[in-house]
Amino acid sequence: LGGPFYTSVPSGRVNRLDAAAGRNEDDFLFDDDDEFVAACAEKEEADRELVWNRIKRWAKKPGALQNGDGVGDVNPKSVLPKVGISRLRGFLERRVDECYRRNVAKIVPLLKAEYIAAERRLKACERELEAISLERLKDGADSFCDDFCKALKD
């Protein structure tokens, strides 16, 4: 098969009304997402049939389906679970889930530290806002106005 999975997908774009303006309509082979998903399922079935037929032809050769140690036959049906995009997707989703679960122990302390830092910054901002009074704002505005007028005179 040339790798751990054998898969292919139909070529062509899904027609999006908002994205299709000014583009070549021949590029859009599928009217919507459901049509593309159906085409993927059909392609997966075709891939399974293709691989199955090749395995059957190959199995007719003497000694073709023996294990690497030369003992016993390899079951051709053991190859089919690795054919198709849905199988690849399931495999990748399991890998992502495993990686996530392995890294949760590292992620949670980082998130807690970030949460504490954000809380600290929020409290500092709240203290600054509470320290602002109407008198201080008026004094600051008057001081700025005086400095500005003095600069204009010079």
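# Close-up views of helices 1, 2 and 3 in a predicted model

**View 1. Contacts of Asp-47.** Beyond the residues up to four places away in sequence, Asp-47 touches Tyr-6, Thr-7, Ser-8 and Val-83. The model shown here and in the views below is predicted. Asp-47 is part of helix 1. Asp-47 is buried but takes part in no salt bridge. The nearest side chain of opposite charge is that of Lys-43, 4.7 Å away. A salt bridge requires a side-chain nitrogen of Lys or Arg within 4 Å of a carboxyl oxygen of Asp or Glu, so this pair is not counted.

**View 2. Helix 1 and its buried residues.** Helix 1 covers residues 33-59, 27 residues in total. From its first C-alpha to its last, helix 1 reaches 39 Å, close to the 39 Å expected at 1.5 Å a residue. The buried residues of helix 1 are Ala-39, Cys-40, Glu-44, Asp-47, Arg-48, Val-51 and Ile-55. Three of these have views of their own in this set: Cys-40, Glu-44 and Asp-47.

**View 3. Surroundings of Glu-44.** Glu-44 lies in helix 1. The relative accessible area of Glu-44 is 11%, and because buried means under 20%, this residue counts as buried. With neighbours within four places in sequence left aside, Glu-44 is in contact with Val-83, Gly-84, Ile-85, Ser-86 and Arg-87. Val-83 is also among the residues touched by Asp-47. Ile-85, Ser-86 and Arg-87 fall within helix 2, which runs over residues 85-131.

**View 4. Cys-40 beside Val-9 and Pro-10.** Cys-40 is another residue of helix 1, and at 10% relative accessibility it counts as buried. Not counting residues up to four places away in sequence, Cys-40 touches Val-9 and Pro-10. Cys-40 and Pro-10 are 30 residues apart in sequence, while their C-alpha atoms are 6.2 Å apart in space.

**View 5. Arg-89 and Glu-93 in helix 2.** A salt bridge joins Arg-89 to Glu-93, with the closest N and O atoms 2.9 Å apart. Both residues belong to helix 2 (residues 85-131), and because they are 4 residues apart, about one helical turn separates them. Arg-89 is exposed, with a relative accessible area of 56%. Glu-93 is partly exposed, at 46% relative accessibility. The count for the structure comes to 4 salt bridges; further examples are given in Views 6 and 7.

**View 6. Asp-97 and Arg-101 in helix 2.** The side chains of Asp-97 and Arg-101 meet in a salt bridge, at 2.9 Å from N to O. As these residues of helix 2 are 4 residues apart, about one helical turn lies between them. Arg-101 has a relative accessible area of 60% and is exposed. Asp-97, at 33%, is partly exposed.

**View 7. The Glu-114 and Arg-121 pair.** The side chains of Glu-114 and Arg-121 also form a salt bridge, with an N to O distance of 3.6 Å. Glu-114 is partly exposed, its relative accessible area being 47%. Arg-121 is likewise partly exposed, at 49% relative accessibility.

**View 8. The aromatic pair of helix 3.** The structure holds 1 aromatic pair. Phe-144 and Phe-148 form this pair, which is stacked, with 6.2 Å between the ring centres and 20° between the planes. The two residues lie 4 residues apart in helix 3 (residues 134-153), about one turn of the helix. Phe-144 is exposed, with a relative accessible area of 59%, whereas Phe-148 is partly exposed at 47%. The end C-alpha atoms of helix 3 are 29 Å apart, in agreement with the 28 Å that its 20 residues should span at 1.5 Å a residue. The number of buried residues in helix 3 is 0, so this helix lies largely in the open.

**View 9. Cysteines without a disulfide.** The structure has a count of 0 disulfides. Cys-149 is in no disulfide, and the nearest cysteine sulfur, that of Cys-145, is 4.1 Å away. A disulfide requires sulfur atoms within 2.5 Å, so Cys-149 and Cys-145 do not qualify. Cys-149 is partly exposed, with a relative accessible area of 36%. Cys-99 is also partly exposed, at 28%.

Methods: Residues are numbered from 1 along each chain as its sequence is written. This is a predicted model: local features need pLDDT of at least 70, side-chain atom pairs count only at pLDDT 80 or more; totals for chains, interfaces and linings use all residues. Side-chain values use heavy atoms; hydrogens and water are left out. The expected span of a helix is 1.5 Å times one less than its number of residues. Buried means under 20% relative accessible area, exposed over 50%, partly exposed in between (1.4 Å probe, protein chains only). Rings of Phe, Tyr and Trp (its six-membered ring) pair if their centres lie within 6.5 Å; planes under 30 degrees apart count as stacked, over 60 as edge-to-face and the rest as tilted. Contact means heavy atoms within 4.5 Å. Lys and Arg count as positive and Asp and Glu as negative; His and the chain ends are not counted.
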